[in-house]
Amino acid sequence: MAQQPLVASSSTTGFFQALPVLQPQYTSLDSLPDANRKLYKSSADTSDDKVLARILDLYLPPNTTEVTQHAHHIARRSLDPSILVHATDAENNHPVLRPLTTFGEENRNDPLWTTSGWQKLKEIGYEEGIVAVAYEKSHTMFNRRIRQFVNNHLWSPTGTMTGCPQSMTDGAATLLGKHLTDADGDQPGRRKVFTEAYRRLTSRDPKIAWTSGQWMTERTGGSDVSGTETVARRLTPEELEREAREGRIVDSVGSQLGPWKIDGFKWFSSATDSEMSVLLAQTHKGGLSAFYMPMRRRVGSRAPSVTVIDELLPPRSELNGIRIQRLKNKLGTKSLPTAELEIKEARGWLIGTEGQGVKEISAILNITRLFTAAGSIANWSRGLAISRAYSKVRKVRGGLLQDNPAHLTWMAEETVKYWASAHFAFLGVAMQGALEQDWDQMTANTKAATLIPKDRMAVAALLRLLLPVMKAQISVASVQGLRQCMECLGGVGYCENNEDGGLLNIAKIYRDNLVNPIWEGTVSVMAEDVVRVLIDKRLGNGNILSNVFVPWVRNVLARYSTAFDFEVKIINQRLEVLLNLVQGADKQQLLYNGRDILNHLEAIVSSAVVMYDAWINPEPIAHMVAVRWVRSKALNLQAVQSPHDWKTTVQMDKAIFLGHSDADASGQSKL
Ligand SMILES: Cc1cc2nc3c(=O)[nH]c(=O)nc-3n(C[C@H](O)[C@H](O)[C@H](O)COP(=O)(O)OP(=O)(O)OC[C@H]3O[C@@H](n4cnc5c(N)ncnc54)[C@H](O)[C@@H]3O)c2cc1C
């Protein structure tokens, strides 16, 4: 037989990998034409990210089409090339500092430059209500937090770190929202200022919407803010008069400047392009206090030399006593203008009671930690979506990765971990919503009615205990998960793929995601926080574990003890081990075992909720995910063996990873 001549490849000839096609992560049945809708049972059948669809199904009442259609729309907007172009712009063109004016003076007007892509992504975030939907209080019949965090899940990897300022904005809105009815007291005008800021923080209109920063970390430490060196003091009447004479009366939108003067230095500020910030400072009374500060103030508001021409111009403004010392040079989050700030004679308002700053700012931290956990899930989800798409087109040893058993068993295991973490994070989200809304209106009519306690005190205590666990464990798990997603793509996974809309750039997502275990409190700090809760005599009648946590877990496990007999035993064992670890231990011992406590709490709660979902909404993939996850958490792994041979198991691996069997794969591509 004559041999075919060898043909050498070149840069333009030879093999070219077909481009993987990312499916929208969520496809709502409600958004499909009638004919297509009839082909499917639920949105989980039509969605690429099945667990997200199941989460919506679990926590929303039936027929909440406004929510599901919005999520459907954002899932498509996130993959729209005309929007992805902003994401690659923000990723490639980093913020720049211009500290001096043309003639060498300090640039107080516009020292920070951010790219138009970054600004556009922020605008889209406002329009889609990434923060605002949680505050649209006319919606009482569904969990607004579920809606918000599902949208955030679909948007945030495309949003390219705009989610960071948005999370702080949400936290600031929650904090200011608690003080809108406070009397002005000795700060006349404060309520009006806070009301205006709150209106802007919760607005969907990019023309008026604000983001907020959160300035806690100083050179002395972010984990322990007791060393804060920023100082605030009341301006004397003479000083206030002088300020007025010099034209410093109102901020850039005309709200009165506060009666406090703030000086100090902040070591990390991420939302440096925000319009306001909440910060901690010492006062002479002792302890830390929380302050509201607008970023800009008008200059020359009452300057005597205003001419007719000046009046026609928009009012001039400058930074409110803030100097950006330098931008941080970071491993990831490149689009985010994280900076060091010197604060000199800035004007602000005291929030709440003097000396109670740490308590006040915890309202922000509760929200930002939830965003950190849920944002980690969002990043991980996008990583897995890319992995699925790639596995469908990439060939090794003559076959597609999607048919390779070794590849499938590995990626199925990764998918199981992701599902469990997603359920864990969204349990926190659902509980946050339950604290803000009426259980009878919002939860009673959902499949989660026997998961989310009706007693608000119990929900508050559970969330107080579990939020630091979620923040710590999910952040770290997502870092590990995204590393696997990078490996899934081989060498391409390690590259900064900013072509083709940057959709395949897992490296960027990985770099960005790596900060999640650090900011808003490191893992050790979260473990310490959990210990604080465990020994807090004010929670759960003095013993949160025995009086709130264990009864709740046992009640949930009891629902499906027949369906998951073996798995429930595994979790009960872990519960016993946790109780033995905690009960009778003093604080120092608990701190020493902090990470073990985090591991147990995560294993118990994520297992409880994954099984709950598979039981209340039965479906083979969900069932198998639950079984696999819980068994992976068994203390004695040797006693746990797969009931199936590997050839049967690999079919299930494929269904878990790709979300469907070979039979219905063709239908998926039409969505
Ligand atoms: C990209 C980025 C953006 C940021 N943006 C902001 C922002 O906008 N606003 C803001 O306020 N901060 C911001 N930060 C700061 C961040 O919150 C802090 O870095 C973080 O809280 C840790 O504080 P630290 O850096 O001072 O480290 P440290 O607190 O000094 O921690 C060092 C080590 O000590 C360990 N440790 C600390 N306390 C304990 C303990 N009790 N027990 C055991 N171990 C302990 C930590 O786990 C860590 O390993 C940002 C950080 C980054 C990286």
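The exercises below, each with a worked solution, concern the predicted model shown above.

Residues are numbered from 1 along each chain as its sequence is written, and side-chain values use heavy atoms, with hydrogens and water left out. Since the model is predicted, local features need pLDDT of at least 70 and side-chain atom pairs count only at pLDDT 80 or more, whereas totals for chains, interfaces and linings use all residues.

**Exercise 1. Cysteines**

Determine how many disulfides the structure holds, and explain why Cys495 does not form one with Cys488.

Step 1. A disulfide is defined as a pair of cysteine sulfur atoms within 2.5 Å, and searching the whole structure for such pairs gives zero.

Step 2. For Cys495, the closest cysteine sulfur belongs to Cys488 and lies 15 Å away, which is too far for a bond.

Step 3. The surroundings can be described by relative accessible area, where buried means under 20%, exposed over 50% and partly exposed in between, with a 1.4 Å probe and protein chains only. On that scale Cys164, at 8%, is buried, while Cys495, at 37%, is partly exposed.

**Exercise 2. The shell around the ligand**

Describe which residues surround the ligand, which elements supply them, and which polar atoms approach the oxygen atoms of the ligand.

Step 1. Counting a residue as near when one of its heavy atoms lies within 4 Å of the molecule, one finds 22 residues around the ligand, the closest being Gln214, Thr217, Gly222, Ser223 and Thr522.

Step 2. Sorted by class, this shell has eight nonpolar, 11 polar and three charged residues; here Ala, Val, Leu, Ile, Met, Phe, Trp, Tyr, Cys and Pro count as nonpolar, Asp, Glu, Lys and Arg as charged, and the others, Gly among them, as polar.

Step 3. Helices (H or I, at least four residues) and strands (E, at least two) are DSSP runs numbered from the N terminus. At least two shell residues each come from β3 (212–215), β5 (260–269) and α17 (523–534), and α17 gives the largest share, with three residues.

Step 4. The polar contacts (pairs of N or O atoms within 3.5 Å; within protein, one must be able to donate a hydrogen and the other to accept it, and residues adjacent in sequence count only if both atoms are side-chain atoms) include one from a polar side-chain atom of Ser223, 2.4 Å from an oxygen atom of the ligand. Two backbones also take part: a polar backbone atom of Gly222 is 2.6 Å from a ligand oxygen, and a backbone N or O atom of Met216 lies 2.9 Å from an oxygen atom of the ligand.

Step 5. By the Shrake-Rupley method with a 1.4 Å probe, the ligand taken alone exposes 980 Å², of which the protein buries 66%.

**Exercise 3. Aromatic pairs**

Find how many aromatic pairs the structure holds, and classify the pair of Tyr135 and Tyr198 and that of Tyr560 and Trp615.

Step 1. Rings of Phe, Tyr and Trp (its six-membered ring) pair if their centres lie within 6.5 Å, and planes under 30 degrees apart count as stacked, over 60 as edge-to-face and the rest as tilted; the structure holds 10 such pairs.

Step 2. The ring centres of Tyr135 and Tyr198 are 6.0 Å apart with planes at 85°, so this pair is edge-to-face. Tyr135 sits in the loop between α6 (116–127) and α7 (144–159) and Tyr198 in helix α9 (residues 190–201), so that the pair links distant parts of the chain, 63 residues apart. Tyr135 is buried at 14% relative accessibility, and Tyr198 is likewise buried at 14%.

Step 3. For Tyr560 and Trp615 the centres are 6.1 Å apart and the planes stand at 55°, so the pair is tilted. Because Tyr560 lies in the loop between α18 (544–559) and α19 (565–582) and Trp615 in helix α21 (residues 594–616), the pair ties together parts that are 55 residues apart in sequence. Tyr560 is buried at 1%, but Trp615 is partly exposed at 29%.

Step 4. Ring pairs also join Tyr560, Phe564, Tyr612 and Trp615 into a cluster.

**Exercise 4. Positive phi**

Locate Thr160 and Asp500, and state whether each is buried or exposed.

Step 1. Thr160, although not a glycine, has a positive phi of about 50°; Thr160 belongs to the loop between α7 and α8 (163–178) and is buried at 1% relative accessibility.

Step 2. Asp500, also not a glycine, has a positive phi of about 50°; Asp500 belongs to the loop between α15 (456–488) and α16 (506–513) and is exposed at 52%.
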